[in-house]
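User: I would like to go through the open and enclosed spaces of this model, and then its helix packing and annotated spans, one question at a time.

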Amino acid sequence: MHLENLVVDARDPRGLGGFWAAALGAEPITEGPDIFEARLRYSDDQFLDLCFPLVDDPVVGTPRLHPDLSGGVRQSEVVERLLELGAARLDIGQGSVPWVVLADPEGHPFCVMEERAEYAGRGALAALPLDSADPARDLEFWVLLTGWEQVVGGSVPATLSHPSGLGPLLELCPQVEPKVRKNRMHLDLRYDADDDREGWARRIEAAGGSRYDPGWGEVPWELWRDPSGNEFCLLG
């Protein structure tokens with residue numbers, strides 16, 4: 001099993017997806033009225049797809065998963081470029097912090113980060129912070145799913161990295177408030193060809209994951225939640 005997609009609900013898939021493709025230097029691979037997809041490629045066999053399906057719901061509340069973009073010594077320059085692409089400055093009560101908080105054209109918050117050693121070589125997308133009710137517990141859960149490795153000595157103690165050291169970090173961050181609504185951003189993982197799906201289901205449930213049914217009817221993927229209630233999908 002491997003992490004394949006960052007999925008962002010979009011009221012205008014082409015408009016929002018186009019913004020993020022330009023912001024991150026991703027290559028568009030699917031463009032339609034109901035979905036836009038772009039690919040961040042890190043090597044011949046490693047990539048992360050950005051998927052923007054049509055979901056006509058407004059952005060409400062603070063997101064439990066959001067993108068952190070690389071800024072470093074070029075932080076101000078990166079911020080200005082994003083503002084020109086259609087981002088807006090956003091005050092979520094962050095106060096005086098070394099990162100810059102922005103909103104994308106549909107209002108999803110994201111950050112442009114200061115220089116940190118753990119972001120070196122990660123590319124335009126530095127990290128994916130995910131809210132957790134118990135970061136140490138959820139770290140082990142996401143190790144099980146992704147096969148990623150814990151980063152020692154980073155700014156966020158419960159942090160995972162792809163073994164190659166390429167691509168964004170996955171950061172399990174202490175939640176400020178309990179989960180109350182569906183996440184507008186979530187992660188998709190894909191089964192490998194020889195995976196035992198029933199065996200995986202038993203392992204995921206034993207680790208605290210749970211299936212859920214949002215009432216969408218039959219879909220060609222499996223719908224799950226992690227131990228903190230964050231949605232993710234398993235693709236065939």
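User: What volume does the second largest pocket have, and which residues lie nearest its centre?

Analyst: In this predicted model, the second largest pocket is lined by 21 residues. Its volume is about 390 Å³, and the residues that lie nearest its centre are V7, P53, H186, D188 and W221.

User: Which strands each supply at least two residues of the lining of the second largest pocket, and how many of its lining residues are charged?

Analyst: The strands that each supply at least two residues are strand 1, strand 3 (35-41), strand 4, strand 13, strand 15 (221-225) and strand 16 (231-235). By class, this lining has 11 nonpolar and two polar residues, and the charged ones number eight.

User: What is the volume of the largest pocket, and which residues are the closest to its centre?

Analyst: The largest pocket has a volume of about 990 Å³. It is lined by 41 residues, and the closest to its centre are T62, P63, R64, H66 and D131.

User: How do the residues that line the largest pocket divide into nonpolar, polar and charged, and which strands each supply at least two of them?

Analyst: The lining of the largest pocket divides into 22 nonpolar, seven polar and 12 charged residues. The strands that each supply at least two residues to this lining are strand 8 (109-112), strand 9 (125-132) and strand 12 (169-174).

User: Turning to enclosed space, how many cavities of 30 Å³ or more does the structure hold, and which residues line the largest cavity?

Analyst: The structure holds two cavities of 30 Å³ or more, and about 50 Å³ of space lies in the largest cavity. The elements that give two or more residues to the lining of this largest cavity are strand 1 (2-8), helix 1 (13-24) and strand 4 (47-53). The lining divides into nine nonpolar residues, with no polar and no charged ones, and its members are L6, V8, W20, L24, L50, F52, P67, L125 and M185.

User: Which strand gives the most to the lining of the second largest cavity?

Analyst: About 30 Å³ of space lies in the second largest cavity, and its lining comprises L65, L130, W142, N183, M185, H186, L187, N230 and E231. These residues divide into five nonpolar, three polar and one charged. With three residues, the element that gives the most to this lining is strand 13 (residues 185-190).

User: Are helix 1 and helix 2 roughly parallel or antiparallel to each other?

Analyst: Helix 1 and helix 2 (residues 75-85) pack with their axes 10 Å apart, at an angle of about 155 degrees, and helix 1 passes helix 2 in a right-handed crossing. Angles over 145 degrees count as roughly antiparallel, and therefore helix 1 and helix 2 are, relative to each other, roughly antiparallel.

User: Which residues does the UniProt annotation "domain: Glyoxalase-like" cover?

Analyst: Over residues 6-113 the chain is 21% helix and 31% strand, with its end C-alpha atoms 19 Å apart. Residues 130-235 are 21% helix and 30% strand, and the end C-alpha atoms of that span lie 20 Å apart. According to the UniProt record, an unreviewed entry, the annotation "domain: Glyoxalase-like" covers residues 6-113 and 130-235.

Notes. Residues numbered from 1 in each chain as written. Predicted model: local features only at pLDDT ≥ 70, side-chain atom pairs only at ≥ 80, totals over all residues. Heavy atoms only, no water. 1 Å grid on protein atoms, 1.4 Å probe; cavity = no way out; pocket = protein on both sides within 12 Å on 5 of 7 lines; lining within 4 Å. Points joined across faces, edges and corners; volume = space filled by probe spheres on them. Helix = DSSP H or I, 4+ residues; strand = E, 2+ residues; numbered from the N terminus. Nonpolar A, V, L, I, M, F, W, Y, C, P; charged D, E, K, R; others polar. UniProt positions renumbered as here; feature names shortened; annotations may be inferred. Axes fitted to C-alpha atoms, helices over the stretch in contact; angles between N-to-C directions. Parallel < 35°, antiparallel > 145°, perpendicular 65-115°, else oblique. Left-handed = near helix turned anticlockwise from the far one by under 90°.
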